[in-house]
Amino acid sequence: MSLREPPAVRETLARAIGAARLRDGAAPRDLVDDLLPPVVARPESAGEVAELLGCAAREGFAVIPTAGGTRRAFGNPPERADVLLDLGALASLREWSPRDGVLVAEPALAVGDAERLVAADAQTLAGDWPVRSTGTLGGSAAAGRPPLDALGPAGPRWSVIGVEVALPDGTLRRHGARVAKNVAGFDVTRLHVGALGTLGVITEITLRARPRAGRKSETPFSESNAFRANVLGPDGTEVAAVELRMPGGRLAPAEPPTTLCLDEPADSASARDRFRAWLARWREVASAANGVAIVLAAPPSWKRDVDVWCGEPPAALPLMRKLKALYDPTRVLNPGRYVAGL
Ligand SMILES: Cc1cc2nc3c(=O)[nH]c(=O)nc-3n(C[C@H](O)[C@H](O)[C@H](O)COP(=O)(O)OP(=O)(O)OC[C@H]3O[C@@H](n4cnc5c(N)ncnc54)[C@H](O)[C@@H]3O)c2cc1C
């Protein structure tokens, strides 16, 4: 729910990036869980993204970045949603150098398009990218998860060697470079990979590619037992999905079932209770295998009833809170969606 009057949000943003970049939010295509941001902004340059974020931070508008939209509702339901920041216009390829195996692109270039481009030179994106999804490079880097069919668990983080990010202080910052061994000091580039757009908005991304022949996992882990468990409604449609990762290649036990079939309507209290109990059981199993059970998708009321992440606060939570306070002190970027409601 927005705390601001839609016309006030729109007028204020129009002064920052121009009215032509704005439209009213419309259900269902602009919904973020069950929140409808009153304004959708579609900037056409990184500078406009930074202007918008600076304005949002001054005014206290909550901003939800989105690109491909395939995981728009991933994470906890946001606390507020004033502006849906549609990055779809920033989809250009900036550079592809087959000789160096380096690709530089705007964030909304589709992962599949990038993979096809490098495949034409017998290369593949390094790391594990969801090449069969319609997601974008920026969205996949922000979500930061390896696909479930990945050969290893490292995901996009493995190959991102540089980013440009727009920050809530209204600035653009560059980190990393176009050579892989470029890090002197803290590796700030990778801080933005897997941050789910809670620290900044990726406006340019630099990736490594590598020769396609002999594709094998590049990660230091030998095995990863990752799979998707789900909940089906009485009509057989998927109501919720959970990502399970069990390091060490442990096989899934017979109980709990990987598919929970509901007899009752998905919006009933009993369905929500059964989901909560089923998820809790999976979390016990995952925890015993040093793994995680993360809710990928579920009705917003179910997500509000559980922590979609892991249930247990991570040991680094105090440090994560400090980073959030440093990058986004007024909590305008995806507020509440990330681990422990960051
Ligand atoms: C846990 C998980 C498991 C997945 N498993 C698979 C799989 O097994 N196979 C498969 O093919 N695909 C899988 N996907 C989907 C694939 O990763 C998505 O297509 C991709 O992550 C999202 O891309 P998108 O452009 O649609 O992002 P969106 O849905 O638009 O955004 C995703 C998140 O990133 C943020 N965001 C988007 N763009 C930016 C940006 N430029 N800067 C900062 N933040 C941004 C958004 O606010 C949102 O929180 C998985 C995704 C997740 C999250």
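**Note on the predicted model: backbone details, ligand shell and sheets**

1. Asp33 is found in the loop that runs between strand 1 and strand 2, and, this being a predicted model, its backbone deserves a careful look. Its phi is positive, about 55°, although Asp33 is not a glycine. Is Asp33 buried or exposed? With 22 other C-beta atoms within 10 Å, Asp33 is buried, since the cut-off for that class is 20 or more.

2. The loop between strand 1 (22-24) and strand 2 (39-41) also holds Pro28. The peptide bond that joins Ala27 and Pro28 is cis, with omega about 0°.

3. A second non-glycine residue with a positive phi is Ala122, where the value is near 60°. Ala122 belongs to the loop between helix 3 (111-119) and strand 7. Ala122 has 11 C-beta neighbours inside 10 Å and therefore counts as exposed, the limit for that class being 12 or fewer.

4. The next point concerns the open sheet. Four strands form this sheet in the order 1-2-4-3, and their pairing is mixed. Strand 1 and strand 3 stand at the edges and have a single partner strand each, so one side of each is left without a neighbour in the sheet. On average, and with direction ignored, neighbouring strands of this sheet are turned by 25° against each other.

5. Within that sheet, strand 2 and strand 4 (residues 83-86) are paired in the parallel sense over three bridges, and Ala41 has Leu85 in strand 4 as its bridge partner. Helix 1 (residues 6-17) lies across strand 1, strand 2 and strand 4, and runs at about 20° to strand 2.

6. Which residues come nearest to the ligand? Of the 33 residues around the ligand, these are Gly68, Gly135, Gly138, Gly139 and Gly197. The elements that give two or more residues to the shell are strand 3 (63-66), helix 4 (137-143) and strand 10 (201-211). Helix 4 gives the most, with five residues.

7. By residue class, the shell around the ligand divides into 15 nonpolar, twelve polar and six charged residues, with glycine counted among the polar ones. Why does the ligand lie between two domains? Domain 1 (6-89) and domain 2 (93-211) both give residues to the shell, and the ligand therefore lies between them.

8. Strand 10, which gives residues to the ligand shell, is mostly covered, nine of its eleven residues being buried. How many bridges join strand 8 (residues 160-166) to strand 10? Six bridges join these two strands, which run antiparallel, and Gly162 stands opposite Thr206 in strand 10.

9. Strand 10 has further antiparallel pairings to consider. Strand 6 (residues 102-105) is joined to strand 10 by four bridges, the two running antiparallel, and Val102 has Arg208 as its bridge partner in strand 10. Strand 7 (residues 123-125) and strand 10 also run antiparallel, joined by three bridges; here the bridge partner of Gln123 is Pro211.

How values were computed: Residues are numbered from 1 along each chain as its sequence is written. This is a predicted model: local features need pLDDT of at least 70, side-chain atom pairs count only at pLDDT 80 or more; totals for chains, interfaces and linings use all residues. A residue is near a molecule or strand if its C-beta atom, placed from the backbone, lies within 6 Å of it. Domain bounds come from an automatic or database domain assignment. Two strands pair if DSSP finds at least two bridges between them. Axes are lines fitted to C-alpha atoms, for helices over the stretch in contact, and angles run from 0 to 180 degrees between N-to-C directions. Two residues are in contact if their C-beta atoms, placed from the backbone, lie within 7 Å.
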